[in-house]
Amino acid sequence: MTQRSATLYRPFLSGRYTVSAGLFRLGVQPVPFIGPDAAEVLETHTFALDDTYPAFVASKAAAHARALHEYAGEAGLTPALRGAALAFIAHTLAADSDGVMTWDGKQFSNAALGWTAALDIERGTVESLTRAVGPLSHLVADLQPISALDFLALNAPEDLALLARHPATGVDFLAAVHVMSPQHWNPLDKLGRDFAFVHTPVAGSGPLNATAPRLVDAVISRGPFVRFAWGVAMSDHLDHHPAGPPDSDRAHATTFDPDRAFLRVERQTLTGFPGAHGALFTIRPYIYPLREAVADPAHARALAAAHRSMTPEQVEYKGLTALLPDLLAWLDGQSSDQQGSDGQSLNSWREMLSRKPNEG
Ligand code: HEM
């Protein structure tokens with residue numbers, strides 16, 4: 001198993017929360033907020049295998065056992081799009097796995113799970129599955145993948161969705177979901193729906209939705225892209241399906257506690273298959289203890305500023321209405337207290353600027 005630690009992404013460093021496309025061309029445009037130094041890094045991968053992999057396998061296995069049909073489904077998925085997506089996922093997941101997984105066009109093996117499956121990409125099926133002992137095989141001992149998409153999704157940390165566009169009408173729709181780490185949304189509510197319907201609950205999504213046809217076109221015919229979403233969460237659970245097991249995040253009685261707060265970043269990729277009139281959308285959550293994510297006072301300041309740039313509706317949508325005052329007070333403390341002279345000078349500089357000329 002890979003011992004690589006999870007990449008640290010801080011998409012809030014701009015100090016602004018925006019509901020916008022924020023697409024970076026994978027392999028072309030560097031992502032500007034990676035690692036402790038917020039460096040610019042040119043990313044090329046779709047799937048990210050690191051030392052958090054066991055947590056994804058365990059969470060997906062629990063969701064699968066509890067109620068797979070609440071997390072996964074298909075609506076009008078054509079064999080052409082299914083085949084293009086399955087071939088891409090199998091090939092790319094193996095290529096991104098540092099040798100843990102292999103794919104020869106027929107057989108997909110995962111040494112960590114001890115799985116070797118014969119997949120029929122055309123039919124979308126698992127033809128056979130053999131199980132050996134691997135470091136994580138105990139987590140999947142009772143799992144029975146029901147299709148090639150289900151099988152591949154269980155091997156990946158990422159959640160998967162297939163976006164389709166009808167070639168004659170130009171109408172787009174979500175043709176498949178396999179989303180086991182949803183952030184307080186129900187994957188089945190979105191199945192078969194178009195981009196604007198999917199994003200209607202997002203506060204301030206009007207302008208984004210107005211550009212939906214252009215976005216969908218870009219995603220299918222010009223990618224691949226990577227984009228990021230982020231928010232503060234009060235639990236480190238991956239699965240926040242509305243019908244899933246309850247936890248402290250967005251629970252009525254939860255109050256802000258910096259030692260139980262997390263930054264949840266979702267890295268999302270979009271890869272188009274123009275010949276099959278669709279695209280693969282991957283979603284990969286990263287969950288960092290909030291203290292680590294804003295250990296640098298400048299980062300705490302940026303996160304506070306980004307929250308202050310939200311509308312009340314956006315604060316509500318993010319589940320932060322009750323928590324925001326305490327979150328901001330804590331972030332402000334992190335921005336200045338630990339900062340010593342720097343923070344002091346910034347505050348006095350602000351005070352000076354806000355004074356009327358005749359006070360000086
Ligand atoms: C170009 C492609 C896309 C863009 C620019 C985009 C943009 C966004 C943005 C800005 C948000 C708000 C995030 C936040 O701050 O909480 C969001 C939420 C969301 N997006 Fe997308 N998105 C894209 C593709 C997709 C696709 C293909 C799906 C299909 C599953 C999807 C599903 C969602 C869902 C389910 C939410 C949360 C909605 C809810 O709470 O009900 N997005 N998206």
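In what sense do β1 and β11 pair, and over how many bridges? In this predicted model, the pairing is antiparallel and comprises two bridges. The legends below treat the overall fold first and then the close-up views.

**Figure 1. Overall view of the predicted chain.** The chain contains twelve helices and 13 strands. Its radius of gyration is 22 Å, close to the 21 Å given by the globule rule for 360 residues, so the chain is as compact as a globular protein of that length. The C-alpha trace spans about 80 × 50 × 40 Å along its principal axes. Of the 360 residues, 38% count as buried. Among contacts in the chain with a separation of 6 or more, 68% join residues 24 or more positions apart.

**Figure 2. The open sheet of seven strands and its edge at β1.** The strand order is β1-β11-β12-β13-β9-β10-β4, and the pairing is antiparallel. At the edges lie β1 (24–25) and β4 (72–74), each of which pairs on one side only. For β1, the two bridges to β11 are antiparallel, and Arg25 has Phe225 of β11 as its bridge partner. Phe225 also stands opposite Leu270 in β12. The residue pairs Arg25 with Phe225 and Phe225 with Leu270 thus trace a path across β1, β11 and β12.

**Figure 3. Strand β12 and its two neighbours in the sheet.** Strand β12 (residues 262–273) is mostly covered, with eleven of its twelve residues buried. Nine bridges connect β12 to β11, and these two strands run antiparallel. With strand β13 (residues 278–289), β12 forms twelve bridges, again in the antiparallel sense. The strands β12 and β13 make a hairpin with four residues between them. Phe273 of β12 has Gly278 of β13 as its bridge partner. Within the turn, His277 has a positive phi of about 55°.

**Figure 4. The largest nonpolar core and the surroundings of Leu163.** This core has 65 residues, of which Leu81, Leu152, Ala161, Leu162, Leu163 and Ala175 touch the most other members. Helix α2 (residues 79–95) gives the most to the core, with seven residues. Apart from this core lies another, of 24 residues, which includes Val232, Ala261, Leu303 and Leu320. Leaving aside residues up to four places away in sequence, Leu163 touches Asp172, Leu174, Ala175, Val216, Val219, Gly278, Ala279 and Phe281. One of these contacts, Gly278, is the bridge partner of Phe273. In soluble globular proteins, nonpolar side chains tend to be buried together.

**Figure 5. Helix α3, a mostly covered element.** Helix α3 spans residues 148–155, and seven of its eight residues are buried. The buried residues are Ala148, Leu149, Phe151, Leu152, Ala153, Leu154 and Asn155. Leu152 is also among the residues that touch the most other members of the largest nonpolar core.

**Figure 6. The shell of residues around the ligand.** Nineteen residues surround the ligand, and Ala21, Ala161, Trp185, Pro201 and Phe281 come nearest. By class, the shell has 15 nonpolar, two polar and two charged residues. At least two shell residues come from each of β9 (159–165), α5 (195–199), α7 (212–221) and β11 (225–233). Strand β11 gives the most, with three residues. Two of the residues that come nearest to the ligand also appear in the view of the core: Ala161 is one of the core residues with the most contacts to other members, and Phe281 touches Leu163.

Methods
Residues numbered from 1 in each chain as written. Predicted model: local features only at pLDDT ≥ 70, side-chain atom pairs only at ≥ 80, totals over all residues. Core = buried A, V, L, I, M, F, W, Y, C linked by C-beta atoms within 7 Å. Buried ≥ 20, exposed ≤ 12 C-beta atoms within 10 Å, placed from the backbone. Contact = placed C-beta atoms within 7 Å. Near = placed C-beta within 6 Å. Nonpolar A, V, L, I, M, F, W, Y, C, P; charged D, E, K, R; others polar. Rg over C-alpha atoms; globule rule 2.2 N^0.38 Å. Pairing = 2+ DSSP bridges.
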